[in-house]
Amino acid sequence: NDVNVEQGQTFDITFSSNNFEDIVSYQLGMAFDMESISFEGSFKSDHEELAGTAIGETEAELGRLRASWFSLDGDGLTVDADEKLFTLRFKALTNINNILDHFDFSNKTIHTEAHNVTLQKLDVTLNIDEQITSTENEFYAQYTLGQNTPNPFTEVTQIEFTLPQSMYAELTITNTLGERVKTIAQQFNQGLNVVTVRQSELGNGVFRYTITAGDSSITKSMISLK
């Protein structure tokens, strides 16, 4: 959406496609202005097959992100124009008149392209959608996942997240192979929730932690050191 944001405001950019037809794979390189916005995390798609979209965050501090998806069975996938592919969350570091002036696709770290079942190479372009509901804005504004602190950590770290209401949610931690190493699934409180994780539970390495509540998920990365 082509919207203005004020300094300190958190906002989401949701990606969809009006011609996602018989697609077997796509990948995107994305660049954003680090002086104007900071990356806060990502939401997975509600669609079962698109939920496996990988968001590369390792160069987020350099103003670069990546996204990639491919069909696990090799068959082409077709989805409606209102289907969410994935969502990125940012925070405004200054007043911004148009967020899309500070965000664009980039081929510097990965070629931005898609392929269909006939192996035709397709271009990917960024367009503005004026439609969004106030209900969605209200929900996502109260649904957040913070960066674990400290990070990296050697003994214990804390993960904070907020929920728009008291509800059942699941916090999962996976390793670089996508294997679950810890899961906490329970009824959490409305507002702020804090979960403590010990290094002895995970081992060493880079891990991704995801909070899933209802049909939405947010994922971030953390580093555990011995």
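Phe32 is buried, with a relative accessible area of 8%. The cut-off for buried is under 20%, so Phe32 falls inside that class. This is a predicted model. Phe32 belongs to one aromatic cluster, together with Phe11, Phe15, Phe39, Phe86, Phe90, Phe103 and Phe105. An open sheet of seven strands is the other main topic here.

**Aromatic pairs**

- The structure holds 11 aromatic pairs.
- One of them joins Phe32 and Phe90: the ring centres are 5.3 Å apart and the planes meet at 65°.
- Planes over 60 degrees apart count as edge-to-face, so the pair of Phe32 and Phe90 is edge-to-face.
- Phe32 sits in strand E2 (residues 23-32), while Phe90 sits in strand E6 (residues 86-92).
- The two are 58 residues apart in sequence, so their pair ties together separate parts of the chain.
- Is Phe90 buried or exposed? Phe90 counts as buried, at 0% relative accessibility.
- Phe90 also pairs with Phe39. That pair is edge-to-face too, with 5.8 Å from centre to centre and 65° between the planes.
- Phe39 lies in strand E3 and Phe90 in strand E6, 51 residues apart, and their pair links distant parts of the chain.
- Phe39 has 16% relative accessibility, so this residue counts as buried.

**The open sheet**

- In what order do the seven strands lie? The order is E1-E6-E3-E16-E15-E12-E13, and the pairing is antiparallel.
- Strand E1 (10-15) and strand E13 (180-188) are the edge strands. Each of these pairs on one side only.
- From one strand to the next, the twist averages 30°.

**Strand E3 and its neighbour E16**

- Strand E3 covers residues 37-43 and runs antiparallel to E16, with two bridges between them.
- Phe43 has Ile218 in E16 as its bridge partner.
- Gly41 is another residue of strand E3.
- Gly41 has a relative accessible area of 0%, so it is buried.
- Gly41 and Ile55 are 14 residues apart in sequence. In space, their C-alpha atoms are 9.4 Å apart.

**Strands E16, E15 and E12**

- How many bridges pair E15 with E16? Nine bridges pair these strands, in the antiparallel sense.
- Within this pairing, Arg208 has Ser221 in E16 as its bridge partner.
- On the way to E12, the sheet continues from E15 (residues 205-213) by six bridges to strand E12 (residues 167-174). E12 and E15 run antiparallel.
- Glu170 has Thr212 in E15 as its bridge partner.

**Cover and surface**

- E16 is mostly covered, with seven of its nine residues buried.
- Ile223 is found in strand E16, which spans residues 216-224.
- Why does Ile223 count as partly exposed? Its relative accessibility is 32%, and partly exposed lies between the cut-offs of 20% and 50%.
- Ile223 joins Val206 and Leu225 in a nonpolar patch on the surface.
- Together, Val206, Ile223 and Leu225 have about 220 Å² of accessible area.

How values were computed
Residues numbered from 1 in each chain as written. Predicted model: local features only at pLDDT ≥ 70, side-chain atom pairs only at ≥ 80, totals over all residues. Heavy atoms only, no water. Pairing = 2+ DSSP bridges. Helix = DSSP H or I, 4+ residues; strand = E, 2+ residues; numbered from the N terminus. Axes fitted to C-alpha atoms, helices over the stretch in contact; angles between N-to-C directions. Patch = residues over 30% accessible without salt bridge, like charges linked within 9 Å, V, L, I, M, F, W, Y side chains within 5 Å. Areas by Shrake-Rupley, 256 points an atom, 1.4 Å probe, with all protein chains shown as cover. Salt bridge = Lys/Arg side-chain N within 4 Å of Asp/Glu carboxyl O. Buried < 20%, exposed > 50% of the residue type's maximum accessible area, 1.4 Å probe, protein only. Phe/Tyr/Trp six-rings, centres within 6.5 Å; stacked < 30°, edge-to-face > 60°.
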